[in-house]
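User: I'd like to practise reading a structure feature by feature. Can we go through one together, starting wherever you like?

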Amino acid sequence: MTPRPPFPPFDEDAARQKVQAAEDAWNTRDPERVSLAYTEDSVWRNRDRHVVGRARIVEFLTEKWARELDYALRKELWGFRGNRIGVRFQYESRTAEGQWFRSYGNELWEFSDEGLMRRREASINDVPIAEADRRIFGPRPESEHGVLLPVF
């Protein structure tokens, strides 16, 4: 396993770095790259699915991004303590038929001493939106790092 700084216990700056790194990685939509931030035996709950292990994470993300087209994500630090971080997020994506969605959610993260995420629990709600109502267009520019997400 390749360590992923910053390492726990997190202070606010380190927690913000972890959140931005996760946002940046997920916006690549590259399952292999994203999976490297997780332990080999990482445990996920994503909506109603349970995923265990890095190989299954790659499978899950491959399926996700085949279904959720033009995916673009924003994450925001919600809280932190020790080796845990709480995040709120929003992302937008569309179906193959062209229906856009904004997905709102919260994640709870737990990290190993090597800075790899060993547990991720995500609760997510999807809201259909018109294309004209989109507000997330691709990866966040560096000038917008740390900008708070609107509630709705």
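Analyst: Sure, and let's start at the front end of the chain. This is a predicted model. Proline 9 sits in the segment before H1, and the peptide bond that joins proline 8 to proline 9 is cis, with omega about 5°.

User: Which other peptide bond is cis, with omega near 0°?

Analyst: The one from proline 5 to proline 6. Proline 6 also has its place in the segment before H1.

User: OK, now the fold. In what order do the elements run from the N terminus on?

Analyst: Count first, then read the order. The secondary structure comes to three helices and six strands, and the order is α-α-β-β-α-β-β-β-β. For overall shape, set the radius of gyration against the globule rule: the protein has 15 Å, close to the 15 Å that the rule gives for 152 residues, so it is as compact as a globular protein of that length. The C-alpha trace spans about 45 × 30 × 25 Å along its principal axes.

User: What share of the contacts with a separation of 6 or more comes from residues 24 or more positions apart?

Analyst: The figure is 58%. On burial, 45% of the 152 residues count as buried. The protein exposes about 8,200 Å², and carbon and sulfur atoms supply 53% of that area.

User: How should I think about the core?

Analyst: In soluble globular proteins, nonpolar side chains tend to be buried together. Here the largest nonpolar core has 27 residues, and Trp26, Val34, Tyr38, Trp44, Leu61, Ile85 and Trp109 touch the most other members. Elements that each supply at least two residues of this core include helix H1 (12–26), helix H3 (54–67) and strand E5 (100–111).

User: Which element gives the most to this core?

Analyst: That's H1, with six residues.

User: Can we zoom in on a tyrosine? What does tyrosine 38 touch, not counting residues up to four places away in sequence?

Analyst: Skipping close sequence neighbours leaves the contacts that the fold brings together. For tyrosine 38 the list is Trp26, Trp44, Arg54, Ile57, Leu116, Met117 and Arg120.

User: Isoleucine 57: buried or exposed?

Analyst: The cut-off for buried is under 20% relative accessible area. Isoleucine 57 has 0%, so it is buried. This residue is in helix H3 and, leaving aside neighbours within four places, is in contact with Ser35, Tyr38, Ser42, Trp44 and Val51. Its C-alpha atom is 9.1 Å from that of valine 43, 14 residues apart along the chain.

User: And lysine 64, buried or exposed?

Analyst: Same test: the relative accessible area of lysine 64 is 4%, so it counts as buried. Lysine 64 lies in helix H3, and its contacts beyond four places in sequence are Trp26, Tyr71 and Tyr91.

User: What about charges overall? How far apart are the mean positions of the positive and negative ones?

Analyst: They are 2 Å apart, taken over 25 positive and 27 negative charges.

User: Last one, backbone angles. Where does arginine 29, with its positive phi, lie?

Analyst: When you scan phi, look for positive values in residues other than glycine. Arginine 29 has phi near 55° and lies in the loop between H1 and helix H2 (31–35). Aspartate 70 also has phi near 55°, but aspartate 70 is found in strand E3.

User: How accessible is aspartate 70?

Analyst: Aspartate 70 is partly exposed, at 37% relative accessibility. Arginine 29 is partly exposed too, with a relative accessible area of 37%.

Key:
Residues numbered from 1 in each chain as written. Predicted model: local features only at pLDDT ≥ 70, side-chain atom pairs only at ≥ 80, totals over all residues. Heavy atoms only, no water. Helix = DSSP H or I, 4+ residues; strand = E, 2+ residues; numbered from the N terminus. Rg over C-alpha atoms; globule rule 2.2 N^0.38 Å. Buried < 20%, exposed > 50% of the residue type's maximum accessible area, 1.4 Å probe, protein only. Contact = heavy atoms within 4.5 Å. Areas by Shrake-Rupley, 256 points an atom, 1.4 Å probe, with all protein chains shown as cover. Lys, Arg positive; Asp, Glu negative; His and termini not counted. Charge placed at Lys NZ, Arg CZ, Asp CG, Glu CD. Core = buried A, V, L, I, M, F, W, Y, C linked by side-chain atoms within 4.5 Å.
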